[in-house]
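Welcome! Have a look at the sequence and the structure below, and then let us walk through some of the features together.

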Amino acid sequence: MVGLISGFVLALLSASFGLVTGVALTVSTTGGNASSPLLYGIMFEDINNSGDGGIHGQLLKNNGFQGENPGLTAYTAVGNVNLTQDSASPVSSAITSSLKVSVPSGLTGYVGFANTGYNGVPVVATTYENYFWMKGNYSGIVNLRLVGSTSGTVYASHNITVDSDPSTFTYYNTSFTSSASPDGNNEWQLLFDASISAGNSLNFGLVQLFPPTYHARYNGLRNDVATFLEEIQPSFLRFPGGNNLEGSSPSDRWKWNATVGPVENRPGRQGDWGYPNTDALGLDEYMQWCEDMGMTAVLAVWSGHDLSGGSITGDPLDPYVDEILNELEYLLGDSSTTYGAQRAKNGRIEPWTVSYIEIGNEDNLSSGCSTYASRFAQIYDAIQAAYPNITVIASTTNSSCLPSPLPDGVWTDIHYYLTPDEFVDMFDQWDNWSRNNPIFVGEYASTSGNDGSTTYWSNMQGSCAEAVYMIGLERNSDIVKMASFAPLLEHFDLAEWSPDLFGLDASPDSLTGSTSYYVQKMFSSNRGSTVLPVTSDTAFGPVYWVASAANGTYFVKLANYGSESQEITIDIDGATSGNIQLLSGEVEHLLGTYIKKLTMKCELLLFSALGVFQASIVSSTTIYLAGDSTTAHGGGGTGTQGWGEYLGQDVSLTVSNKAVGGRSARSYSREGRFADIAALVQEGDYVVIEFGHNDGGSLTPTDNGRTDCPGTGSETCETTYDGVEETVLTFPAYVEKASANFTEKGAKVIISSQTPDNPWETGTFEYSPSRFVGYAQIAAEAAGVEYVDHGAYTANIFEQLGDATVNSYYPIDHTHTSPTGAKVVEQAFLKSIVCGIFETIMGLLSTASKAAIIGLVFAVAFPHCFRQAKVIGVLRTPSSTPIAPEKYVVIPDTTYCEDIHYYSQANILFTACEDDNSTRYEWFPPLGIFDHPEVIRQGSIHVIDPKTMLSKRLEFENFRGPFVTHGIDVIADPSAQDAVFIFAVNHLPNPHYVSGKSVPKARSQIEIFHHYLGSQSVRHVRSVVHKLITTPNDINAITPTAFYITNDHFYRDGILRNIEEAIPAAGWSDTTYVQVSTMDANNSEDGVSASVAFAGLHNNNGFGHGPRISSTEEEVLITSACSGVFHRLAMTSAEHYKLTLIESILMPTNLDNPSYLFDPYGTTENDISGYILPGLTKGLAFQGTYRERSAVHAGAVWYIPKSTEGNWEVRLLFEDDGSKISATTSAVAVPNEPEGGTRSVWLFVTGVLADNVIAVKVEL
C-alpha cells in the first residue's frame, strides 16, 4: 500500500500560535465515513473577462459590437481609411452592427483595420482558425495578418481570395500558421487592395480568431487554458453564475435561449460585471465543457430576483418558470420534443446529462430573502413534477429565507469570502451539522488579510487557511457534497474581482496558477472514497489533518497554519512506501504594473519507510544579512545606523540582521559567523553577503585580523594573528566558500557590493568603486549565485541628491550613514534587486542563481500589495454622485486640461489644455506614450471665470510651441499689481534621441509666461531646461525666478517604469528646486541651477500650495499618485528651500494634483478650509485602457478638513464613473458666500483625458 502525504508550506504568518514540537498521527485502516465523489469542483461566471478574453477561444474583442455603446473599442485603422460602427448594415438580426471601412478616392496599396484583442492578441507558433463576414463590392485578395503592434513584426501573413457581394454579407473561413511573438503586444489585421474599393466602403462583421481549442471543438475553449484547468481534476461545474446569472433587471438576466445556435444569432448582453458578454460561450458550450472534462453539470437557473433588489413572485413568475422547463427540455429532451429538436438542429443529437439544478444565486442578499421561499417553492414544484430525479439546490442556507420545512433531498448553498483567521476558525463548522441537510459550499476564497486589507493575488497565508477549511470540509464530506473556490479565472489586465484561482493575459506563458490553484489541485487530485479515523497525541491547531483511502491507497492531507516548523509522524498499518507533495514556489516574473504572476510549483519527494512516515512542514522564509557596520544594527556609532535595519519595513519576509561592525569577510569567517548562519538557514531562505570596507590593508608588519590575502582566486597567505597561526584566503575565496555552504542547504545567496564612502566629501561628486566591488562580482560568478551592485545604485541616487543632502547623511565620518541616509541606502538595495530581476528576465545577467533575485523582488513588493489593490480599485465599482442640473456646468473649449489653478486674488482660474485630443494618445511622456512625436500640436492656456463659467483662450506672444501641456502654477508678479507669472510643464521630444541609443525619448522643460489680468494674451518669457528636470509632472512656484518641480518617475519608460509605479517601496523619484538667474536667456539652459529638495517619496506627482505655517515656513502638498498617499511638507526659505516632511496620509484611491481650499468666510465655529485631492478610482482599469479613445475613466475628489476633535477627516466630495469627467486629475474649490447655515463651493474638475473641464456645486 502507498501512503500519500500532502503538506503545505506557510510563507507568511506572525508567531502567534503555540509551538508544537511534534505531531504523531495514527491512521486507522478501517471504519470511517463515505466521502462525496463530487467534493472538489469549479464555479464559473464571466467575470474578469474569464469567458470572453479568457477560457473561450475567440481572441478578438468587440467582434460583434455587443453590449452598451461598444464603439470602436479594440479597432484601429490600417492605412488612410476611416472606421465607423455601422448599424445600418447588420450582420444578422442579432448582430446589429458591422465595421464600416471607408476608402478615400484615389487610395492605393493594402489598407484595412486591426483588432487588438483583449489588451493584445496571444501569438504563438501554432495554427489559427479565422472567420469573418464581409459585404461590399470587392473581388480580390484579402490579407490576414498577426503583427506586433509596436514592433511591426509580421508573425503570420495569409491571403485568401474573396468575391464579396455589395448587398449581403458573405461568410469566409480559413486557417493559417504563425510564428511566435515574444510578448502580448500584438494585433490581428485584415487588409485589402484599396485601389479596388477606392471611393467606396466595405463592411466586415463578427471577425473571429481561434488558436487550437480544447478537444478541437468548433467555437471551443482555449486548449492551453482548459488543459491547465483540467489538471485540477474538477468533479463538477456550476454555471453560468454567480451574479452574471441575475442581471440588473429581469430583462438583463442571462437568457439560455439567446446563447444557443450559430454565434451570428446570439445578440450578447451587457454582462453584470461592466463589460459585454458575447455569449459565444453559451449553454451548449458549457455542457460540452462538462462532458469533455468529465464534470457533472450544476445548472443555475434564474429565480425571479435581480441584482437591483427586485423580485417577481406568484403568477408573474410563471413565464420564467416555463423558461426553465424549456431549458431543461432543450438539454434533456429527445429530438422529438420541441426544444430537443432545436438542440439537435444546433448539432447535438443526444440529450445532455443534467442531475443538479440550483435555483438562483445568493437569494439571501439584495432584499431577496423575504420572497425566496415562495419563489423557490414555485420553481421547485415545477422542476420536480417534470424531472423528479434532478437534485435541486437552494441558493442559501439561511433558514429564514427557505420554505419550512425544506423538501426532502434539497441541498443548500453557502458562500464565504473571509480572512485567513476566519477560515481557520471555521475548521470545525460542519462537525455538528445536521446530517439531513446536504451542503454545497458554492463559493469561497480568502479575499482579505487578517488586518482587513484586500488580497489581490492569493498568497500562502490565505491559501493555507483555505486548506485548513478544506480539511474540515473533507472530514465532513458525508454532508458537504460539493465545494468550489471562486472566482475561477481572471485576465490580469481586465480584472474586477480578486483573488482568482488562476489568470492570464496576452503574453506568452502568462497562464499562471495562484497558490490557491495548487491547493485545489493537490486536494482534488488526491482523493479517497472513505474518510478514515485518525488518532493523535495533540489537538488540532496549528497543524490540521484529514486521512482517506481509495482502492488500497491512503491519502493524508496536512496544513500548518503556524509560524514554527512541525515534525509530523504518520503511522499507517501495513504501509511500506509513500511519497510527499509539498507546496513551494517562487515568483516567476512581473507583468504590467502589478506583481501578477506567482507560480507555485508542486515538488514530489519519494522515500521508503516501514509503516512510519516522517516529514517537516516548514515555517516562513528568512533573509539573513551578513556584513559590517554599514549594514549592522547601530551602524558605526552614535548618530549612525546600518541599512539592514530598514529592510524588514519593505519586504514581506523575516529579516535577520547578522551583520557586525568592524568585520571583514575574513574575520566574519574566522569567528564562525558564516557557520552560525549556515546552522540556521532552511531551504528557500536568502542570505545577503556584503563586505569590503574592512577587508583592505596589509598583513604586515602587524595583522589586524581583518585584512584578506591579496588576489582573486585560490591564493593564500600565512600570518599570525592574536598569537595563532592562520592561513588567510582571498576575499572571493571567503565569500565563495560561505556561499557554497548556504546553497548546499537550499538557501539562495545574493552577493552585494559594498556601499560607497561619501562621494560628495570633496564638494564634487566622485565615485570610484573599490577593488572589493569587483571581487564581490568575481565571487558571485565563481559560486554561481546572484550579484547586485549595491554600491553603484547607492552612488547613483547620491549623485541625484546633491552635495548638501548627502553630506548630511555622514555625521561622523565618510563611511557610516545617519538613520536617514541608511534608509536611502536600503532603498538603493531594493532598487538593485528590482532592477536586477528585469535584467535577469532579459538574459543580461550571466550567473545561474536567477531564483534568488526573482523571489526577493516579490518579497519587496508583497507587503504593499493588499493596500495597493484597494488603491488601484481592484474591487471598486465605479459610481457617480447625483447632481442636479443647476449644479453642474460644462466649461466650453477646455479639451484635455490636466491641471487647474485657482488664483484667488482675482477670483479666476488658469488651466493648460491640449486642445487636440489626438496628441494624448500618440505622444504623452507622463503616461509612457512616445509613439508619434510628429503629431504634437500647440496646446493652450485658458482663463476661466467662475462667475460666468466661460473659458477664455489666451493668445501666445513670443511663443510658437510646440506645447504638450501638463502641470501649471500661477503666482503674482511682485512688480505689477495686475499681472501674474504662469509656469507650465511642456513635454517635448528629445532632439538628441536616436533609436537604439540609451538616450531619453523626451526632453521635458518648464515654460515661464507673463500675463496681465483681463488681457487676451500671454507672453512667453523663457524656457527652462536642466539635467535634474527629468520627468516633470507639476510645479510649485515660489518667486518669478524660483520654483519646485516633481519628477514623477526615475525610469522614463519601459518595464522598469512600470515596476517603479507598482511597488510603493520604490521611492526613487524626487522633488527638485530650480532657480533661474535671468529672464532674458539666449537658450533654455542659460542661468539655470537646480538641486534635489526632497527624495524618497513614491511616484511624486501632483504639487500644490498649502497654508502658511509661520512667517518663514509655508506648507507644500505632494501626492504619490500610484500608491495613493498625500504628503504635507514644510518649506523653509532660510534653508535653501529644502523640504521637510510633516506627515503622510493614506488615501483610498490613486491621487493627482492637490490643492488647498481656504475659506475666506470662515469663523472659529464654521471654517470649511481643507485639502482637495482628486484622483482615479479605477487605476487598474485605467492602465489597461488609457490608450483607447472610446474608454472612460472613473475618478473622485476627496476633501480633508479638520474635524471638531482636531483630527483629519477624509470625505468623498464628488465621484464620477467617467461619463462627466474622464480620468480626473485636478480639482480646485471656489467657495461661495454662506447661505444661512449652508456652506458650498463650486468644484472645478479637470481630467487628463476629459473633453471639458466641469464645475459642480457641492455642499460641505
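Axes here are lines fitted to C-alpha atoms, for helices over the stretch in contact, and angles run from 0 to 180 degrees between N-to-C directions. Keep in mind that this is a predicted model. With that in hand, we can start with a pair of helices and then move on to strands, loops and single residues.

**A pair of packed helices**

- Two packed helices are described by the angle between their axes and the distance between the axes.
- Helix 5 covers residues 318–332 and helix 6 covers residues 338–345; they pack at an angle of about 50°, and their axes are 7 Å apart.
- How do helix 5 and helix 6 lie to each other? An angle counts as oblique if it falls outside the roughly parallel range (under 35 degrees), the roughly antiparallel range (over 145) and the roughly perpendicular range (65 to 115), and helix 5 and helix 6 are therefore oblique to each other.
- The crossing that helix 5 and helix 6 make is right-handed.

**Strand 23 and its partners**

- Strand 23 spans residues 480–485, and 5 of its 6 residues are buried, so this strand is largely enclosed by the rest of the structure.
- Which strands pair with strand 23? One of them is strand 4 (residues 40–43), which pairs with strand 23 in the parallel sense over 3 bridges.
- In that pairing you can find Gly41 opposite Ser484 of strand 23.
- Strand 22 also runs parallel to strand 23, and 4 bridges join the two.
- Here Tyr444 stands opposite Phe485 of strand 23.
- Strand 22, helix 9 and strand 23 together make a β-α-β unit, and this unit is right-handed.

**Ser458, in the loop before helix 9**

- Ser458 sits in the loop between strand 22 (439–446) and helix 9 (460–475).
- Is Ser458 buried or exposed? Its relative accessible area is 3%, and buried means under 20%, so Ser458 is buried.
- The side chain of Ser458 is joined to the side chain of Ser516 by a polar contact of 3.2 Å.

**An open antiparallel sheet**

- In the order 60-61-62-63, 4 strands form an open sheet with antiparallel pairing.
- Its edge strands are strand 60 (1155–1157) and strand 63 (1211–1216), each of which pairs on one side only.
- On average, neighbouring strands of this sheet are turned by 25° against each other, with direction ignored.
- Strand 62 (residues 1195–1201) pairs with strand 63 in the antiparallel sense over 5 bridges.
- Within this pair, Ala1196 stands opposite Glu1215 of strand 63.
- As you look at the strands, remember that in a regular strand the side chains alternate between the two faces of the sheet.

**Two cis peptide bonds**

- Gly241 and Gly242 are joined by a cis peptide bond, with omega about 10°.
- Gly242 belongs to the loop between strand 15 (236–239) and strand 16 (269–270).
- Gly541 and Pro542 are also joined by a cis peptide bond, and here omega is about 0°.
- You can find Pro542 in the loop between strand 28 (534–536) and strand 29 (543–550).

**Positive phi outside glycine**

- Gln233 has a phi near 60°, a positive value in a residue other than glycine.
- The loop between helix 3 (223–230) and strand 15 holds Gln233, which counts as partly exposed at 45% relative accessibility.
- Asp722 is not a glycine either, yet its phi is positive at about 55°.
- Where is Asp722? It lies in the loop between strand 38 (716–721) and strand 39 (724–729).
- With 67% relative accessibility, Asp722 counts as exposed, because exposed means over 50%.

**Two partly exposed residues**

- Asn159 is placed in strand 11 (residues 154–164) and counts as partly exposed at 48% relative accessibility.
- Along the chain Asn159 and Gly140 are 19 residues apart, and their C-alpha atoms are separated by 9.8 Å.
- His932 is placed in the loop between helix 20 (917–922) and strand 45 (940–945), and at 34% relative accessibility it counts as partly exposed.
- His932 and Thr919 are 13 residues apart along the chain, with 8.5 Å between their C-alpha atoms.

Conventions
Residues numbered from 1 in each chain as written. Predicted model: local features only at pLDDT ≥ 70, side-chain atom pairs only at ≥ 80, totals over all residues. Heavy atoms only, no water. Buried < 20%, exposed > 50% of the residue type's maximum accessible area, 1.4 Å probe, protein only. Polar contact = N/O pair within 3.5 Å; in protein donor to acceptor, adjacent residues only side chain to side chain. Pairing = 2+ DSSP bridges. Right-handed = clockwise from strand over helix to strand, strands pointing away. Left-handed = near helix turned anticlockwise from the far one by under 90°.
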